[in-house]
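Subject: Structure for your review

Dear colleague,

Please find below the structure I wished to hand over to you. My findings are set out after it, and I would be grateful if you could read them alongside the coordinates.

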Amino acid sequence: MKKAIVILMLAVFGYFLAITFLDPQFEAERNRDGVKKFYLDKTVSELKTANTVTAIVVNFRGFDTLGEVTVLFLAATALGSILFKKRHHIGDRTVLLPASAIVGSGAKLIFPAITLLGVYVFVHGHLTPGGGFQGGTIIATGFLLMLIAYRDFSISHNILSVIESLAGIGFVTFGLLGFMNGGTFLQNFLGTGVLNDLLSGGVIPIIYILVGFKVAAELTGLIYTVLHEKG
Amino acid sequence: MDTTELIRIGVYGTSILLILIGLYAVLTKRSLIKIIIGLSIIDGGIHLLLIGIGYIKDGTAPIFSPGSENAVARMVDPVPQALVLTAIVIGFGVTAVALSLVIRLYRHHNTLKIDEIKNLKW
């Protein structure tokens, strides 16, 4: 009975969603050159950044990205405080099982390659698909592999917080430097260089590298907290 | 009906279907983990929908490579892609916090079934 009501409700909801998005008028509206053309033109002519999505995320909507990084930080903090436990409450049940020798050796072999790939992705964030968030996540998966393969692999929470804080402070500092040199927060104040060069785009690659470090540290800390949860 | 039209209807249809499947899971399932999986499926559907809105006929990625500076007219809309990048990160944060709350609830009640957690009733 309850399921029938839910299905009926979802059918009505789905019908309205479908007629909104499959409407030819919506299609015509969508194809007009609007803010899209503005961003595509400005990215090439002013910022000299090859990847338009990176230019939007870090420069045009850079303040939004600062907020986004803060949300990620808050999620990591909330997770840590929800799962916080006094030392004498810790039991010995754990989710970590002993891994076989194959997993262990494979993880050791592949971990540097994963880290290198992550660094490549966030260093080239302004040229190729990818960027700070993606590269940081790749590095965190490398640490996840090591944590699964070696039960006693430990990461210092202090080092992680130092990396995270320095990256966050660096982001805000570059924003404020833009304030002093150009007039607005996160203004591009360095030389923009030549399109498709590694050193192009002014502050965009620097900020995205900082975001990469921050995301990698946050996600690694998050994974570490959850995997070492004992009950 | 040409191929582009079919692709468009397919993308919108799939994403709306994913949103509805996720909502169904959230509304009818009893296990907290399944409810969180439902939330993630809604997330995926919304991301697909947003990316689909940005698609144009024969579109290419909004990335300039040497010699393609004049391809602006064929590039897909970069704005939804940037927004989806934000949405994925926020969705990740929401899922992480929800899972930590579930861990806490499980530790307290030793069950994941929402009917058996009596404190939720009022």
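The notes below take the chains in turn, then the contact between them, and then some local features.

Please bear in mind throughout that this is a predicted model.

Chain A

Chain A consists of nine helices and has zero strands. Its pattern along the sequence is accordingly α-α-α-α-α-α-α-α-α. The radius of gyration of chain A is 23 Å, whereas the globule rule gives 17 Å for 231 residues; the former is well over the latter, so chain A is more spread out than a compact globule. Measured out along the principal axes, its C-alpha trace spans about 60 × 60 × 35 Å. Buried residues account for 34% of the 231 residues of chain A. If one takes the contacts in chain A between residues at least 6 apart in sequence, 71% of them join residues at least 24 apart.

Chain B

Chain B has three helices and zero strands, in the order α-α-α along the sequence. For its 122 residues the globule rule gives 14 Å, but the radius of gyration is 20 Å, well over that value, so chain B is also more spread out than a compact globule. Along the principal axes, the C-alpha atoms of chain B fill a box of roughly 65 × 35 × 20 Å. Of the 122 residues in chain B, 25% are buried. Among its contacts between residues at least 6 apart in sequence, 55% join residues at least 24 apart.

The contact between the chains

Chain A gives 38 residues to the contact, and chain B gives 36 residues. On the side of chain A that touches chain B, the elements giving two or more residues are helix 1 (2-21), helix 3 (35-47), helix 4 (52-60) and helix 5 (62-82). Helix 5 of chain A provides the largest share of that side, with eight residues. By residue class, the side of chain A that touches chain B comprises 25 nonpolar, six polar and seven charged residues.

Helix 6 of chain A

Helix 6 of chain A (residues 101-123) invites a check on its length. At 1.5 Å a residue, its 23 residues should span 33 Å, and the end C-alpha atoms are 34 Å apart, which agrees with that expectation. The helix nevertheless has a kink of about 35° at A:Ile110, shortly before the proline A:Pro112. The buried residues of helix 6 are A:Ala107, A:Gly118, A:Val121 and A:Phe122. Helix 7 (132-149) and helix 9 (204-227) of chain A are included in what covers these buried residues.

Two residues with positive phi

Two loop residues of chain A may merit your attention when you inspect the backbone. A:Lys48 is not a glycine, yet its phi is positive, at about 55°. A:Lys48 sits in the loop between helix 3 and helix 4 of chain A. It counts as buried because it has 22 C-beta neighbours inside 10 Å, the cut-off being 20 or more.

A:Leu186, likewise a residue other than glycine, has a positive phi near 65°. A:Leu186 belongs to the loop between helix 8 (157-181) and helix 9 of chain A. With 25 C-beta neighbours inside 10 Å, A:Leu186 also counts as buried.

Yours sincerely

How values were computed. Residues are numbered from 1 along each chain as its sequence is written. Chains are lettered from A and ligands numbered from 1 in the order in which they are written. This is a predicted model: local features need pLDDT of at least 70, side-chain atom pairs count only at pLDDT 80 or more; totals for chains, interfaces and linings use all residues. Helices (H or I, at least four residues) and strands (E, at least two) are DSSP runs, numbered from the N terminus. The expected span of a helix is 1.5 Å times one less than its number of residues. The bend at a residue is the angle between axes fitted to the seven residues ending there and the seven starting there. A residue is buried if 20 or more other C-beta atoms lie within 10 Å of its own, exposed if 12 or fewer, and partly exposed in between; C-beta atoms are placed from the backbone. Two residues are in contact if their C-beta atoms, placed from the backbone, lie within 7 Å. The radius of gyration is taken over C-alpha atoms; the globule rule is 2.2 Å times the number of residues to the power 0.38. Ala, Val, Leu, Ile, Met, Phe, Trp, Tyr, Cys and Pro count as nonpolar, Asp, Glu, Lys and Arg as charged, and the others, Gly among them, as polar.
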